[in-house]
Amino acid sequence: MIPTGAALVAGVTGDPIAHSLSPVVMRHWIDAAEINALYAPFPISAENFDSVVRGLARAGCRGLNVTLPHKEAALELAQTASGPARAVGAANLLTFTPSGIHADNTDIAGFLYALAPANVEFSQARALVFGAGGAARAMLYALLTVGVTDIAICNRNITRAQGLARDIVPAARIIPWEARDDALQGRNLIVNATSLGLAGRDDLMLDWQRVGPGSVAFDSIYTPVKTRFLVDARARGLTAIDGLDMLIGQARPSFEAFFKRPAPALTDLRTRLLKHLEAH
Ligand code: NDP
């Protein structure tokens, strides 16, 4: 359906935002649901973030997904926030309601959605998370909510890892970046929440021989879908999951919040996104 003047409007903001696949995901659902709606990218600089977001809310926009570098600012701007968004300290979803702007964090649900097919026995999981940025915060919070108790965090900037642990997982072991290969020993859930592996960046290279069979490797990155981290984990025979399902998993509750209906079940959505990535 071509959006008319009566279209429901929502969008995604970040700086930059041109790389975002969220408009592609939402477009597929909007088309499948046959609703009069528009989901647009809004490039907003940090200095203009508050004024533009408030302006979009006043203009009748339903809400925004939020990505780097605005996730903390989004939480601060909102009048109300969910418990998980407050606990993580960042929001990737703002909904504009008659009573004000509400912040939530759907990266938590997105991560668990992506892990679901791997049937991880969370009570037995020995997790090692690389990274200590916003994505790592949401993923660590997610792991806590499903009962993972044995958690190690390895980040280049160790002070940042210590701060994250203090805020979210006080019992976590903090591993210096130089010891990342040794840290793999005995770990059965390995998570890349760094930006290493993104197109044009260095890869996260690890000694996968130290990881036992039956373990699961998850990479938050989806551009490219096949990172060196995942290729090496697969070569070791591990279950390797890319960031595309997390993207879909975090978008699903956002669609529901914006358009007040469930996201249509599109069994081929992942295939469509892979085709899109190949073509661009
Ligand atoms: P942040 O900028 O907050 O954090 C970046 C992380 O990467 C930090 O831990 C940083 O370490 C680490 N890092 C960056 N460069 C290097 C390097 N050269 N060597 C070692 N470590 C490095 O980003 P986010 O946490 O928001 O995002 C992280 C990744 O997760 C991104 O690639 C993003 O695309 C992805 N993501 C995917 C989602 C999905 O739906 N699939 C959702 C959200 C994020 P340090 O602290 O030392 O700087």
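Biologist: In this predicted model, which pocket is the space taken by the ligand?
Modeller: The model shown here is a predicted one, and the ligand can be described by the space that it takes up. Among the pockets, that space is the largest pocket.

Biologist: Which elements give two or more residues to the shell around the ligand?
Modeller: The shell around the ligand can be read element by element along the chain. Two or more residues come from each of the elements α6 (134–145) and α9 (244–259).

Biologist: Of the 24 residues around the ligand, which come nearest?
Modeller: The residues around the ligand number 24, and by class they comprise 11 nonpolar, nine polar and four charged residues. Those that come nearest to the ligand are Ala135, Asn155, Arg156, Arg160 and Ser220.

Biologist: Which residue has a side-chain N or O atom 2.7 Å from an oxygen atom of the ligand?
Modeller: Backbone atoms also take part around the ligand, since a polar backbone atom of Gly134 is 3.0 Å from a ligand oxygen, and a backbone N or O atom of Gly243 is 3.0 Å from a ligand nitrogen. The side chain with an N or O atom 2.7 Å from a ligand oxygen belongs to Asn155.

Biologist: What share of the area that the ligand exposes when taken alone does the protein bury?
Modeller: Polar contacts of the ligand include the one at 3.0 Å between its nitrogen and the backbone of Gly243. Taken alone, the ligand exposes 930 Å², and the part of this that the protein buries is 81%.

Biologist: Is Ser215 buried or exposed?
Modeller: Ser215 lies in the loop between β10 (189–192) and β11 (216–219), and its side chain reaches the backbone oxygen of Gly212 at 2.7 Å. Because its relative accessibility is 3%, and a residue under 20% is placed in that class, Ser215 counts as buried.

Biologist: Which residue is joined to Leu68 by a cis peptide bond?
Modeller: Most peptide bonds are trans. One cis bond in this model runs from Asp15 to Pro16, with omega near 10 degrees, and Pro16 is found in the loop between β1 (8–14) and α1 (22–33). Another cis bond, with omega about 0 degrees, joins Leu68 to a residue in the loop between β3 (63–66) and α3 (71–77), and that residue is Pro69.

Biologist: What is the relative accessible area of Glu34?
Modeller: Most residues other than glycine have a negative phi. Glu34 is not a glycine, yet has a positive phi of about 55 degrees, and its place is in the loop between α1 and β2 (37–43). Glu34 is classed as exposed because its relative accessible area, which must be over 50% for that class, is 60%.

Biologist: Where does Lys260 lie?
Modeller: Lys260 is a residue other than glycine with a positive phi, near 55 degrees. Lys260 is exposed, with a relative accessible area of 63%. Its place along the chain is the loop between α9 and α10 (269–279).

Biologist: What distance separates the C-alpha atoms of Ser45 and Asp15?
Modeller: Ser45 lies in the loop between β2 and α2 (49–58), where it is partly exposed, with a relative accessible area of 23%. Asp15, for its part, begins the cis peptide bond to Pro16. Although Ser45 and Asp15 are 30 residues apart along the chain, their C-alpha atoms are separated by 6.0 Å.

Conventions
Residues numbered from 1 in each chain as written. Predicted model: local features only at pLDDT ≥ 70, side-chain atom pairs only at ≥ 80, totals over all residues. Heavy atoms only, no water. Near = heavy atom within 4 Å. Polar contact = N/O pair within 3.5 Å; in protein donor to acceptor, adjacent residues only side chain to side chain. Areas by Shrake-Rupley, 256 points an atom, 1.4 Å probe, with all protein chains shown as cover. 1 Å grid on protein atoms, 1.4 Å probe; cavity = no way out; pocket = protein on both sides within 12 Å on 5 of 7 lines; lining within 4 Å. Sits in = over half its atoms within 2 Å of the grid points. Helix = DSSP H or I, 4+ residues; strand = E, 2+ residues; numbered from the N terminus. Nonpolar A, V, L, I, M, F, W, Y, C, P; charged D, E, K, R; others polar. Buried < 20%, exposed > 50% of the residue type's maximum accessible area, 1.4 Å probe, protein only.
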